[in-house]
Amino acid sequence: MKVAFAGKGGVGKTTLAAAVAIELIRRGREVVAVDADPDSNLPSALGVSNGRLPEPISGMKELIAERTGAKGGVFSLNPEVSDIPKRYSVDADGVKLLLLGTIDRGGSGCFCPESAFLKALMSHLLLGLANDVILDMDAGVEHLGRGSARGVDLMAVVIEPGMRSVETAKRVQALAANIGVKDVVAVANRVKDSGETELLRASLGKIELLGFLPHDESIALSDLEGRKLAAGQEFWNAVEQLADAMDARGEQR
Ligand SMILES: Nc1ncnc2c1ncn2[C@@H]1O[C@H](COP(=O)(O)OP(=O)(O)OP(=O)(O)O)[C@@H](O)[C@H]1O
Ligand SMILES: [Mg+2]
């Protein structure tokens with residue numbers, strides 16, 4: 001499955017992207033995790049220390065120039081990228097981690113070799129690879145690009161108890177539908193009880209609430225200490241249920 005995590009700042013996108021990637025590895029699946037947030041922190045959630053960080057793809061100027069044949073403003077929109085996931089990912093206990101880096105990723109803003117290269121890479125990851133792909137994004141989903149958005153089976157918009165994140169979820173859903181993402185659901189993080197879950201469910205309107213994860217102090221503590229995501233059994237049970245629901249959703253379509 002190809003799942004993108006989006007949502008308002010600080011709601012838990014990175015935490016849940018890492019948790020689902022870890023759960024899929026437990027199931028024996030092959031997983032590529034892509035940090036598409038310029039302010040990247042998926043590596044630390046997956047336990048990759050600063051000394052082992054993958055090189056951000058957008059910064060590979062020479063490689064990009066060579067692959068796109070960029071010369072005098074002319075460049076290929078279809079560069080070879082199939083070797084990139086293997087070559088430039090770092091292993092995080094089985095998860096192959098890629099960092100996209102910090103340029104406009106193929107939205108309307110930049111028409112340049114870097115964005116063409118990243119677009120081609122995203123299309124390869126989402127449409128060409130058989131692996132599971134987990135994308136950690138920021139709230140703006142435009143940079144997914146129309147081409148690769150079709151490859152996203154499911155966009156999971158993370159929300160937390162609070163209407164602001166629900167409003168963001170509604171905006172993200174509209175944007176995602178616009179660029180051709182097939183399926184958008186909400187996932188509630190840091191919920192305390194079923195009362196909160198029901199309130200969120202009601203406020204989401206047509207957006208289905210696919211899963212909910214409890215607040216867990218050890219998550220915040222592992223993050224504070226810069227360690228790999230650590231959480232208690234209740235959290236991991238909820239992640240397992242979420243992964244089941246995501247898989248079932250994929251099979252339904
Ligand atoms: N279920 C949880 N229980 C306790 N703490 C959590 C939980 N989920 C996330 N956190 C903590 O909340 C903070 C924000 O989480 P995270 O970085 O995953 O959010 P994000 O949406 O990726 O943020 P950003 O928008 O900055 O990328 C982190 O300190 C994280 O450890
Ligand atoms: Mg994040």
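So, Lys 13: one of its polar side-chain atoms lies 2.8 Å from an oxygen atom of ligand 1. Keep in mind as I go that what you're looking at is a predicted model.

Now, the backbone joins in as well. Over at Gly 10, a backbone N or O atom lies 2.9 Å from an oxygen atom of the ligand. And for Gly 12, a polar backbone atom is 3.0 Å from an oxygen atom of ligand 1. How much of the ligand does the protein cover? On its own, ligand 1 has 630 Å² of accessible area, and the protein covers 83% of that.

Okay, let's zoom out to the whole shell. There are 18 residues surrounding ligand 1. Lys 13, which we've just met, is among the closest, along with Thr 14, Thr 15, Asp 216 and Asp 223. If you sort the shell by class, you get five nonpolar, seven polar and six charged residues.

Which elements supply at least two residues each to that shell? Try finding them on the structure: helix 1, running 13-26, strand 7 at 184-191, and helix 9 at 217-224.

Next up, pockets. Ligand 1 sits in the largest one, and the volume of that pocket is about 530 Å³. It's lined by 23 residues, and the closest to its centre are Gly 12, Thr 14, Thr 15, Ile 219 and Asp 223. Two or more lining residues come from each of helix 1, helix 2 (42-45), strand 7 and helix 9. So who gives the largest share? That's helix 9, with four residues. As for the classes in this lining, we have seven nonpolar, nine polar and seven charged.

Last stop: the second largest pocket, which holds about 200 Å³ of space. Where should you look for it? Find Val 191, Phe 212, Leu 213, Pro 214 and Ala 238, which are the closest to its centre out of 15 lining residues. The elements giving two or more residues here are helix 8 (194-203), strand 8 (209-214) and helix 10 (233-252). And what's the mix of classes in this lining? Seven residues are nonpolar, five are polar and three are charged.

If you want one thing to try on screen, start at Lys 13 and its polar side-chain atom 2.8 Å from the ligand oxygen, then step along to Thr 14 and Thr 15, also among the closest residues to ligand 1. Those two threonines turn up again among the residues closest to the centre of the largest pocket. That's me done, thanks!

Definitions and conventions. Residues numbered from 1 in each chain as written. Chains lettered and ligands numbered in written order. Predicted model: local features only at pLDDT ≥ 70, side-chain atom pairs only at ≥ 80, totals over all residues. Heavy atoms only, no water. Near = heavy atom within 4 Å. Polar contact = N/O pair within 3.5 Å; in protein donor to acceptor, adjacent residues only side chain to side chain. Areas by Shrake-Rupley, 256 points an atom, 1.4 Å probe, with all protein chains shown as cover. 1 Å grid on protein atoms, 1.4 Å probe; cavity = no way out; pocket = protein on both sides within 12 Å on 5 of 7 lines; lining within 4 Å. Sits in = over half its atoms within 2 Å of the grid points. Nonpolar A, V, L, I, M, F, W, Y, C, P; charged D, E, K, R; others polar. Points joined across faces, edges and corners; volume = space filled by probe spheres on them.
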